[in-house]
Amino acid sequence: MPAESSNMTVSSAPGKVYLFGEHAVVYGEPAVPCAIERRATVSVETREDSRVRVSAPDLSLDGFTVEYGGNGDERPDVNVSEGLVEAGIEYIDVAVEQARDAANAPNAGFDVTVESDIPLGAGLGSSAAVVVASIDAATRELGHPLDPEELAARAYRAEYEVQDGQASRADTFCCAVGGAVRVEGDDCQHIDAPSLPFVVGFDGGAGDTGKLVAGVRSLRDEYDFAADTVESIGDLVRRGESVLAEADPTDHPPEDVLAELGRLMDFDHGLLEALGVSSRTLDNMVWAAREAGAHGAKLTGAGGGGCIVALDETAETETALRYTAECEDVFRAELARDGVRVEDE
Ligand code: MEV
């Protein structure tokens with residue numbers, strides 16, 4: 001039965017940085033990601049047939065538009081990097097499947113447009129933001145809106161599928177509910193946090209999350225001290241949480257809170273480096289931030305390339321990163337208090 005046509009629905013979802021805990025969260029340790037004001041915006045309109053047409057004008061420099069039957073047997077005919085198209089389509093494909101399932105509309109077809117100012121695969125949760133915003137817009141478009149918790153659970157299932165089981169709930173939960181969150185296994189909670197002075201440096205590259213997670217897993221299986229390293233990340237996250245809990249969430253964080261959070265971020269980066277998920281460009285940006293007087297700096301997300309996050313309320317880290325050869329872009333990232341939200345068309 002053809003889906004009913006209706007007006008377009010537009011949802012957006014924020015990216016995130018990890019204050020602490022990426023990788024270790026995959027093994028049940030706690031992590032604290034924080035949503036940031038960089039968003040993926042997804043517009044969805046139902047079609048009269050069951051096909052899916054995806055247009056992503058700025059997902060890469062070239063962008064792409066593809067139309068497919070949604071049954072996996074057709075590959076798009078486009079002239080941008082196959083890997084990028086495959087990755088983008090896979091995430092949207094699984095999001096569409098989740099939306100069809102949630103709304104009990106297995107044959108619904110959609111025109112989907114994705115716009116995003118979150119660099120792809122760079123540790124800022126671009127895929128989670130696209131998946132969360134897509135499921136939200138598509139389910140609303142089908143007249144079956146989901147609450148943020150169910151949305152997060154479905155987005156997690158979608159990411160889990162694309163990343164071959166190498167995913168925690170952290171990215172998708174943070175992106176769905178916004179603000180700072182704490183994730184430990186299946187337990188996901190919003191936590192109070194002051195507005196932290198995040199500065200993000202981006203090396204222009206991307207890491208392969210599935211491969212990086214698999215690399216940590218094999219180190220952890222092979223060496224007890226790698227397993228201990230993962231547990232140490234959990235210990236420092238617990239310490240970081242108690243520092244956050246003592247800070248007044250309505251005020252700017254005092255110097256001693258920033259100093260302690262920064263020290264823990266530096267420690268976390270060192271442990272991630274030991275687990276083999278940093279890179280020369282990430283390390284160089286981390287050192288540039290530290291030498292500029294940042295309270296602390298670390299890679300964010302899966303690593304391998306992409307972004308670092310530093311804490312600095314002054315302009316020094318931004319300036320230093322701007323003059324760092326490995327850094328392609330630098331920006332301040334405000335904590336996004338809103339998670340997924342409906343946007344005006
Ligand atoms: C990737 O953004 C964060 C990882 O911890 C993987 C995950 O939590 O799904 C590396």
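In this predicted model, the ligand sits in the largest pocket. Both domain 1, spanning 9-192, and domain 2, spanning 198-333, contribute residues to the shell around the ligand, which therefore lies between them. The residues that surround the ligand are Lys16, Tyr18, Glu22, His23, Val25, Val26, Ala167, Ser168, Asp171, Val213, Gly301 and Ala302. When this shell is sorted by class, six of its residues are nonpolar, three are polar and three are charged.

Several members of the shell place N or O atoms at short listed distances from oxygen atoms of the ligand, and these include both backbone and side-chain atoms. For serine 168, a polar side-chain atom lies 2.5 Å from a ligand oxygen, while for aspartate 171 a polar atom of the side chain is found 2.9 Å from an oxygen atom of the ligand. In the case of histidine 23, it is a backbone N or O atom that lies 2.9 Å from an oxygen of the ligand. On its own the ligand has 300 Å² of accessible area, of which the protein covers 96%.

Apart from the ligand site, the model was also examined for enclosed space. The count of cavities of 30 Å³ or more comes to one, and the volume of the largest cavity is about 40 Å³. The lining of this largest cavity is formed by Val44, Ala95, Val96, Phe110 and Val112, together with Ser134, Ile135 and Ala138.

Key: Residues are numbered from 1 along each chain as its sequence is written. This is a predicted model: local features need pLDDT of at least 70, side-chain atom pairs count only at pLDDT 80 or more; totals for chains, interfaces and linings use all residues. Side-chain values use heavy atoms; hydrogens and water are left out. A residue is near a molecule or strand if one of its heavy atoms lies within 4 Å of it. A polar contact is a pair of N or O atoms within 3.5 Å; within protein, one must be able to donate a hydrogen and the other to accept it, and residues adjacent in sequence count only if both atoms are side-chain atoms. Accessible areas come from the Shrake-Rupley method with a 1.4 Å probe; for residues, only the protein chains shown count as cover. On a 1 Å grid over the protein atoms alone, a cavity is a set of points where a 1.4 Å probe fits but cannot get out, and a pocket is an open set with protein on both sides within 12 Å along at least five of seven lines; lining residues have an atom within 4 Å of a point. A molecule sits in a cavity or pocket if more than half of its atoms lie within 2 Å of its grid points. Ala, Val, Leu, Ile, Met, Phe, Trp, Tyr, Cys and Pro count as nonpolar, Asp, Glu, Lys and Arg as charged, and the others, Gly among them, as polar. Domain bounds come from an automatic or database domain assignment. Grid points are joined across faces, edges and corners, and a volume is the space filled by probe spheres set on the points.
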